[in-house]
Amino acid sequence: MTDLFRDVSPEDAQLQPIIEGLFGEYSARYGDYFSKDAEVELTEWYLPPQGLFIVLERDGEIIATGAYKPFDDQTAEIKRIWTHKTLRQQGLAARIVAELERRAVLAGYSNIYLTTGFRQPEAVRLYLSQGYAPQFDLQRDPEAYSQPPFDGRLRFTKTLVREAFSKTA
């Protein structure tokens, strides 16, 4: 059993069923809150040198994905963290996040920004465990984040340090 990170284009045909499944999960969790039209993104955002889309493969099968795109000149925004349903709770998403952080540092970014939905408590736990600082009240009912004046998203930021290199070494 061999795991390997690989850079891919977000338009790679092999990725399309995974991306559609990911959007399906969003739709199932958020219903009316989620609009695929709102999630339309420019492919160029995920292409080097400013962006990156990676997959983690095990014996040639994609088992996890993740990406970053520019948020501003110093900040990369992490997106599309996904793990195969049968392999969740095994640390694969954390490996993806660590690799994205490492690669963002190599690309010249000094900060990471990400958002996660208010109906994704497992994602909130993941990002907190990775050292991200919540920009919201952890004690508040997550459903309250879907009500005005809130935008329905949880924001995290993390300043990258050399430790990003040691996470995957």
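1. Among contacts in the protein between residues at least 6 apart in sequence, what percentage join residues at least 24 apart? The figure is 65%. Do keep in mind, as you read on, that this is a predicted model.

2. Here is the general layout. The protein has 4 helices and 7 strands, and from the N terminus they follow the order β-α-β-β-β-α-β-α-β-β-α. Of its 169 residues, 45% are buried. The accessible surface is about 9,100 Å², and carbon and sulfur atoms account for 51% of that.

3. Next, the interior. The largest nonpolar core contains 27 residues, and Ile78, Ile81, Leu100, Tyr127 and Tyr132 are those with the most contacts inside it. Two or more residues come from each of β2 (52–58), β3 (61–70), β4, α2, β5 (111–117) and α3 (121–129). The top contributor is α2, which gives 7 residues. Another core, of 13 residues, lies apart from this one; Leu15, Ile18, Ile19 and Ala67 are among its members.

4. Tyr132 deserves a look of its own. Setting aside neighbours within four places in sequence, Tyr132 touches Ile78, Val97, Glu101, Ile112, Leu114, Tyr127, Phe156, Thr157 and Lys158.

5. Finally, a loop residue you might like to click on: Leu87, which sits between β4 (75–83) and α2 (92–106). Is Leu87 buried or exposed? Leu87 counts as buried because its relative accessibility is 17%, and the cut-off for buried is under 20%. Beyond residues up to four places away in sequence, Leu87 is in contact with Arg58, Ile63 and Leu92. Ile63 is 24 residues from Leu87 along the chain, with 7.5 Å between their C-alpha atoms.

Key
Residues are numbered from 1 along each chain as its sequence is written. This is a predicted model: local features need pLDDT of at least 70, side-chain atom pairs count only at pLDDT 80 or more; totals for chains, interfaces and linings use all residues. Side-chain values use heavy atoms; hydrogens and water are left out. Buried means under 20% relative accessible area, exposed over 50%, partly exposed in between (1.4 Å probe, protein chains only). Contact means heavy atoms within 4.5 Å. Accessible areas come from the Shrake-Rupley method with a 1.4 Å probe; for residues, only the protein chains shown count as cover. A nonpolar core is a set of buried Ala, Val, Leu, Ile, Met, Phe, Trp, Tyr and Cys residues joined through side-chain atoms within 4.5 Å.
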